[in-house]
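Student: I would like a close look at one part of this model, the part that holds a metal. Please then set it against the rest of the chain.

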Amino acid sequence: MRTLTMGIDLGGSKILTAIVDPQGGMLSSDESITPATKGREAIIQGIVDSAHHALTQAGLTISEICAIGIGAAGISNPEAGILFSSPNLPGLRNVLLRDIMQEILGKKTFLINDADAAALGEFYFGAAKGVDDFIYITLSTGIGGGIVIDGKIHTGAIGAAGEVGHMTIDDKGPICNCGNRGCWETLASGTALTREARNRIERGVRTSILEYADGDIEKVTPQAIHSAAQQGDRLAKELIGRIGYYVGVGLANLINIFNPELIVIGGGLSNIGDMLLKPAFKVAGERAFKEAFQAVRFASAGLGQTSGVLGAAAFALQEMRKLLAK
Ligand SMILES: [Zn+2]
């Protein structure tokens, strides 16, 4: 069988499509903006266009690839190929995305959650190569995760497992996009960092953060806060340390529940590095069972932005091989 596959990473802000070989080499890649608020048909057309661009760029036709893998943001069931809901893609609700894409593109298609795809990308080609029990987390606007047990993504009863960002850390905490209160991502994400910085600035705390945001509180970002912290700003350093503390609380929970060999940490917020991760690992060490904590390693995601698209492509190849082996 031909072993080139197409990976599609469907996120709330962008669609990334690549033609990928079995070693994780990308023959081409296409990035476009997700028409997230323009409804179902526009999103589907966006995916189709991106797929065609990636093929054209690689000088290939659809008949020259063996399968398509879509890693989609949101709650989905890979077995049924259905995307139930996606907070960042409101137009896609209970959509049989796998079958729709298969029909339009004329190629066997598989669907997986985007964070699970990213975990698989790290498993096949990145920081978790050769590790059978690990957890992938992405610290970003929110917090996503993928859980790999015995070399397989743990998808749960309906495919919704691994939503680590929505474990409750503080039952009276801030309201989350999911409707719950005090989810991990309301306390330990980029959104949490920005929210806390704006609150403190509004209360008149002295800080240089605004200097890194054009003087505009609306333009305060995790990057601006990080820049201020690097220049010694006290508030910025305190806020990043606080986020690190909560990252650590969540890590301790994951370590106690899953006893992973490795935790791979990706996502834009993790680029802050030691200032965030040192307190996180310290707190995780204080709160997790000693033996389990001693057994876990931490690694940065090796593939950056491409983990999702490579993982989606690898998932398609993996599932195709399973089908052919039957
Ligand atoms: Zn939540």
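Tutor: The metal site comes first, followed by the cores, one helix and a few single residues.

The model is predicted, and every value below is computed from it. Four residues coordinate the zinc ion: H166 through ND1, and C176, C178 and C183 each through SG. These contacts fall at 2.0 to 2.3 Å. The 4 donor atoms subtend angles of 105 to 121° around the zinc ion, so the arrangement is tetrahedral. For four tetrahedral donors the ideal angle is 109.5 degrees.

Along the sequence, the donor residues follow the spacing H-x9-C-x1-C-x4-C. H166 and C176 are 10 residues apart, and the pair links distant parts of the chain. H166 and C176 are each placed in the loop between strand 10 (152–153) and helix 4 (184–188). Their accessibility can be compared with the cut-offs, where buried means under 20% and exposed means over 50%. H166, at 27% relative accessibility, therefore counts as partly exposed. C176 has a relative accessible area of 7%, so C176 is buried.

Cysteines can also be checked for disulfides, taken here as pairs of sulfur atoms within 2.5 Å. The count by this rule is 0. Another cysteine, C66, has a relative accessible area of 9% and is therefore buried.

Next, the packing. The largest nonpolar core has 43 residues, and the members that touch the most others are I137, W184 and I209. At least two residues of this core come from each of several elements, among them strand 8 (134–139), strand 9 (143–149), helix 4 and helix 5 (190–202). Helix 7 gives the most, 11 residues. Leaving out residues up to four places away in sequence, I209 touches A197, I201, V220, I225, A228, D233, L235, A236 and L239. A separate, second core has 27 residues, including A51, I65, A72 and L105. In soluble globular proteins, nonpolar side chains tend to be buried together.

L105 also appears in helix 2 (residues 97–105), where the buried residues are L97, R98, M101 and L105. These four cover an arc of only 100° around the axis, which means that they lie on the same side of helix 2. Their cover includes strand 1 (5–10), helix 1, strand 4 (67–72), strand 6 (82–85) and strand 7 (109–113). After helix 2 comes G106, with a positive phi near 70°.

Two further histidines can be set beside H166. H52 lies in helix 1 (residues 40–58). With a relative accessible area of 41%, H52 is partly exposed. The C-alpha atom of H52 is 9.3 Å from that of T17, although 35 residues separate the two along the chain. H226 lies in helix 6. At 15% relative accessibility, H226 counts as buried. Apart from its neighbours within four places in sequence, H226 is in contact with I240, N271, I272 and M275.

To return to the metal site, the zinc ion has one histidine donor, H166, and three cysteine donors, C176, C178 and C183.

Note on methods: Residues are numbered from 1 along each chain as its sequence is written. This is a predicted model: local features need pLDDT of at least 70, side-chain atom pairs count only at pLDDT 80 or more; totals for chains, interfaces and linings use all residues. Side-chain values use heavy atoms; hydrogens and water are left out. Donors are N, O and S atoms within 2.8 Å of the metal (3.2 Å for Na, K and Ca); water is not among the atoms, so sites may look incomplete. Four donors count as tetrahedral if all angles lie between 85 and 135 degrees; four count as square planar and six as octahedral if opposite donors are over 155 degrees apart and all others between 65 and 115; anything else is irregular. Buried means under 20% relative accessible area, exposed over 50%, partly exposed in between (1.4 Å probe, protein chains only). The arc is that of the directions from the helix axis to the C-beta atoms. Contact means heavy atoms within 4.5 Å. A nonpolar core is a set of buried Ala, Val, Leu, Ile, Met, Phe, Trp, Tyr and Cys residues joined through side-chain atoms within 4.5 Å.
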